[in-house]
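Hi,

Here is the structure I said I'd pass along. Have a look at it first, and then read on for what turned up.

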Amino acid sequence: MNYVSVENIAKSYGEKILFQDISFGINKDQKIAFVAKNGSGKTSILNIIAGLDTSDTGQVVSRKGIHIAYLAQNTELDPNLTIEEVIFSTDNKILSIVKQYEKALLNPDDGDAYQEAFELMEQYNAWDFETQYKQILSKLKLDDLSLKISVLSGGQRKRLSLAIVLISKPDLLILDEPTNHLDLEMIEWLEAYFAKEKITLFMVTHDRYFLERVCNEIIELDQGKLYKYKGNYSYYLQNKEERLALEATNLSKAKSLFKKELDWMRKQPKARTTKSKSRTDDFYKIKEKAHQRRQDHQVQLEINMERLGSKILELHKVSKAFGEKKILDGFEYVFKRGERIGIIGKNGTGKSSFLNVITQKSEVDSGKVVLGETVKYGYYTQAGIVVKPGQKVIEVVKEFGEEIPLAKGRRISASQLLERFLFDKKKQYDFVEKLSGGEQKRLYLCAVLIQNPNFLILDEPTNDLDVVTLNVLENFLLDFPGNLIVVSHDRYFMDKIVDGLFVFRGEGVVENFPGNYSDYRAYESSKPKEKAEKKTENKPKEVQQKSAPKGKLSFNENREFGLLEKDIESLQKRKKTIEEQFLNVEISPEEIAEKSQELQEIISSLETKEERWLELSMKLEG
């Protein structure tokens, strides 16, 4: 079933053409990733499909009646509302069904309205709406529903926007970089969620493991042309390599033919026959094909950086806290030359604060940070580049340096570095404010690298970078001979670049793990499973299946616990029986009113007993 047809759309700003003649379709149950370089118009295409922008030509046709939800990179939320108020103020179909059902309960005489509302509740599984949305918010670390939007960080707002579109359960979900501002645990939960839920996806993401595990089709926009790959990221890489190899072969043949035709053209007199004119026209077509150049640049730099001495960076019993929140608690580590460390941990555990400590932007509470005399930091922060009005791309990089020295006396200029990071000569003289978010991040990287550091510190360098640029950056870092610290939630990037991890557990606990992210996950999975975690966010569905040890409750509490399990089981069965009775078309309005009242009483009793059951079960576990 086709949900959306994109037909010959185009977009340009002045003389700059982003894309033209783009056509593709999105069908039910497809999970499509859209891949293209930064600045190619990915976000513009998403906005056009979502109806937030219009194309210069062509059209987007959506199937009548389908619900489309869009997670943009920046969404507007009312700062005066709380998290819960925002959830209930959204245009959510399930929420409207719940309200319809509640209204029907207040008017028991209208049997038809109640029957319709009840059937909709069943069809959309709306009975557990509150539980569902609280589970999603909890997974995204938004537990305090009373917080106002005005006090949320940028990352919390992005996670709330993600929660809103997930809760709405759309037919088609459009996502622009959904993993930005999520920690690794959240990303893995989101992967599992999309694998479980029957939902159609169209997304832009730089997270290649996410692409691998979630998507079943990839559409690539490359130099103005669309290429479709029916498979995941691995399949895409393999088939793209084959396509490029074929293009290279055809290009070589075109060059040979061009040389032959060039000789013929030079030998011909000015007067041409019809036949020779036809061949001349063909010649110019061959010339155009032969002079095609791919814009991909492989970074292969033998950087002649300033040599690191024997002392690099030493941390001796370092402690740091913000109020009662501990970041480091007696942390010790001595860096060796050439070490590559990745930093992982949940949001809010102090990863960025740690970087500020080692770069001495933030003072420690106790302990000592000793930096070697030869160390020259290159610090890429999440804040990004400060855009100055009227400043051009090349001017930004030249502010920090004109060139980088290479091995054997060679040098690379600021312009050449920009070219290697996919800024062609024309792009280098564009105004910075005209660049896309991803292009600005790429420019900021160049500004850091032109300073020729021997110790690179990168705080979430992969955010907003496209897959092509990530490959370029990875190649650069693989050749980088100095020390490296990376904070990133991009698991593919971490696996490829780092050799060890600092795992931030929170409360000042930092573990040193010798391996990359996949090694760490395999190690964690091999550890003995802990006892069942506390489940404070979920009310038990089948409480009668839970067995509870009787050693930590009083005699009366043990007895109450056992009775609660039986009562809850009995109430759940009675609730189900009444709900089934409502499906009987012969039920009278009087019976509907009577059963509705009974159902409300059962639901209220269930909530009270389940809350008490949870209270006692937590006492058992704690």
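How many helices and strands are there in the chain? The chain has 19 helices and 20 strands. Bear in mind that this is a predicted model, so please read everything below in that light.

**Confidence**

The average pLDDT over the chain is 81, and 83% of the residues score at least 70. Two stretches to treat with care: over residues 290-299 pLDDT stays under 50, and it also stays under 50 over residues 530-551. The model has 31 contacts beyond four places in sequence for residues 290-299, and 31 for residues 530-551.

**The chain as a whole**

Of its 622 residues, 48% count as buried. The exposed area comes to about 32,200 Å², with carbon and sulfur atoms supplying 48% of that. If you take the contacts between residues at least 6 apart in sequence, 70% of them join residues at least 24 apart. One pair far apart in sequence is Val468 and Ala36: 432 residues separate them along the chain, yet their C-alpha atoms are 7.5 Å apart. Val468 belongs to helix α15 (residues 467-479), and with a relative accessible area of 15% it is under the 20% cut-off, so it counts as buried.

**Cysteines**

A disulfide is a covalent bond between the sulfur atoms of two cysteines. How many does a search of the whole structure find? Zero. Two cysteines worth a look anyway are Cys215, buried at 5% relative accessibility, and Cys446, buried at 0%.

**Around Thr205**

Thr205 sits in the loop that runs between β7 (200-204) and α8 (208-214). Buried or exposed? Its relative accessibility is 5%, so Thr205 counts as buried. Its side chain reaches the backbone nitrogen of Asp207 at 3.1 Å. Leaving aside residues up to four places away in sequence, Thr205 touches Glu177, Pro178, Thr179, Phe210, Leu211 and Val467.

**Helix α11**

Which residues of α11 (residues 351-358) are buried? They are Lys351, Phe354, Leu355, Val357 and Ile358. Looking down the axis of α11, these buried residues fall within an arc of 155°, so they line one face of the helix. Just after α11 comes Gln360, with a positive phi of about 60°.

**Backbone angles to check**

Most residues other than glycine have a negative phi. Besides Gln360, with its positive phi, here are two others to look at:

- Asn8 has a positive phi near 55°. Asn8 is placed in strand β1 (residues 2-13), and at 42% relative accessibility it counts as partly exposed.
- Leu422 has a positive phi of about 75°, although it is not a glycine. Leu422 lies in the loop between α13 (414-420) and α14 (437-449), and it is buried, with a relative accessible area of 14%.

That's the lot from my side. Shout if you'd like to go through any of it together.

Cheers

Technical notes
Residues are numbered from 1 along each chain as its sequence is written. This is a predicted model: local features need pLDDT of at least 70, side-chain atom pairs count only at pLDDT 80 or more; totals for chains, interfaces and linings use all residues. Side-chain values use heavy atoms; hydrogens and water are left out. Buried means under 20% relative accessible area, exposed over 50%, partly exposed in between (1.4 Å probe, protein chains only). Helices (H or I, at least four residues) and strands (E, at least two) are DSSP runs, numbered from the N terminus. The arc is that of the directions from the helix axis to the C-beta atoms. A disulfide is a pair of cysteine sulfur atoms within 2.5 Å. Contact means heavy atoms within 4.5 Å. Accessible areas come from the Shrake-Rupley method with a 1.4 Å probe; for residues, only the protein chains shown count as cover. pLDDT is the predictor's confidence in each residue, from 0 to 100. A polar contact is a pair of N or O atoms within 3.5 Å; within protein, one must be able to donate a hydrogen and the other to accept it, and residues adjacent in sequence count only if both atoms are side-chain atoms.
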